[in-house]
Structure formats: structure tokens, C-alpha cells
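Here is a quick walk through one protein model, written for someone meeting it for the first time. Have a look at the structure, then read on.

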Amino acid sequence: MSIKINFKQGDSFLIECVVKIDDVVQDITDWTIASSIKNGAFTDSLVITKTNALLGTYSVSKADTTLWPTKVLLCDVQYTLPSGQIISTENFEIICTAGVT
């Protein structure tokens, strides 16, 4: 896994994303996008918000992460195209640690 995101349990989670295929930005207007995190039996769905579908941008977020375990969480994003084709990103790690404050 090449992508690792350090994160504090209880903080609001937010990442901004751009969809590109062969370095070409994709119009995601009619795409369905889903994402979740997992560690063992723990799973949590994340919120997807298209911020500029024509330019392929969206955010992945979760306002309340207080129940996320302080462990390495696996995450990916799944795209479903209007044709029904499903494309998933590689898994990436969210390294969730307890806050000090």
C-alpha cells in the first residue's frame, strides 16, 4: 500500500479527490461513488459529496469518528459508471490514533 493517511480519532474526516483516467479528468456527473473503512469486524460508511462533477472532484468525509478504533483502517473508493462497470481504487490506509488533547 502506497497511501497512508495519519488521522486522530474523534476529528472530522475529510479528503478531497479528483478522478482521472490516464491523466484526463473525468466527468463524474452520472457516476455513483461509495467508500467505507474497515478493520476486522469494524466497518463504517463514508459520505461522498460531488463538489464539481464536471471536473471530477468530490470529497470523502465523516463528521463523527469517535467510534473509529485506534488501529490501521483500510479504505477504498468504488465508482459505478452509467454502463454498470465498477472500478475501485487501490486500498489505502488510515492510521487512526488517539488524540492527546
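Leaving out residues up to four places away in sequence, Ser-35 touches Ser-45, Leu-46, Ile-48, Val-60, Cys-75, Asp-76 and Val-77. Keep in mind that this is a predicted model. Ser-35 sits in strand E5, which covers residues 32-39. Is Ser-35 buried or exposed? With a relative accessible area of 7%, Ser-35 is buried, because buried means under 20%. One of its contacts, Asp-76, also has a polar link to Ser-35: the backbone oxygen of Asp-76 is 2.7 Å from a polar atom of the Ser-35 side chain.

Another residue on that contact list is Cys-75, which brings us to the cysteines. How many disulfides does a search of the whole structure find? The search comes back with zero. Cys-75 is in no disulfide, and the nearest cysteine sulfur, belonging to Cys-17, is 8.9 Å away. A disulfide needs the two sulfur atoms within 2.5 Å, so the 8.9 Å between Cys-75 and Cys-17 does not qualify. Cys-96 is in no disulfide either; for Cys-96 the nearest cysteine sulfur is that of Cys-75, 12 Å away. Cys-75 is buried, at 2% relative accessible area, and Cys-96 counts as buried at 2% too.

Next comes Thr-51, a residue of strand E7 (residues 47-52). Thr-51 has a relative accessible area of 46%, so it counts as partly exposed. Which residues is Thr-51 in contact with, leaving aside neighbours within four places in sequence? They are Glu-16, Thr-57, Tyr-58 and Ser-59. Thr-51 and Glu-16 are 35 residues apart in sequence, yet their C-alpha atoms are 8.9 Å apart in space. With Thr-57 there is a polar contact as well: the two side chains are joined at 2.9 Å.

Last stop is the surface. Val-18, Val-25, Leu-54 and Leu-55 form a nonpolar patch there, and together they have about 370 Å² of accessible area. Val-18, one of the four, belongs to strand E2, residues 13-18. Val-18 counts as partly exposed because its relative accessibility is 45%.

Here are the accessibility values for the residues we visited:

| Residue | Relative accessible area | Class |
|---|---|---|
| Ser-35 | 7% | buried |
| Cys-75 | 2% | buried |
| Cys-96 | 2% | buried |
| Thr-51 | 46% | partly exposed |
| Val-18 | 45% | partly exposed |

Technical notes. Residues numbered from 1 in each chain as written. Predicted model: local features only at pLDDT ≥ 70, side-chain atom pairs only at ≥ 80, totals over all residues. Heavy atoms only, no water. Patch = residues over 30% accessible without salt bridge, like charges linked within 9 Å, V, L, I, M, F, W, Y side chains within 5 Å. Areas by Shrake-Rupley, 256 points an atom, 1.4 Å probe, with all protein chains shown as cover. Salt bridge = Lys/Arg side-chain N within 4 Å of Asp/Glu carboxyl O. Helix = DSSP H or I, 4+ residues; strand = E, 2+ residues; numbered from the N terminus. Buried < 20%, exposed > 50% of the residue type's maximum accessible area, 1.4 Å probe, protein only. Polar contact = N/O pair within 3.5 Å; in protein donor to acceptor, adjacent residues only side chain to side chain. Contact = heavy atoms within 4.5 Å.
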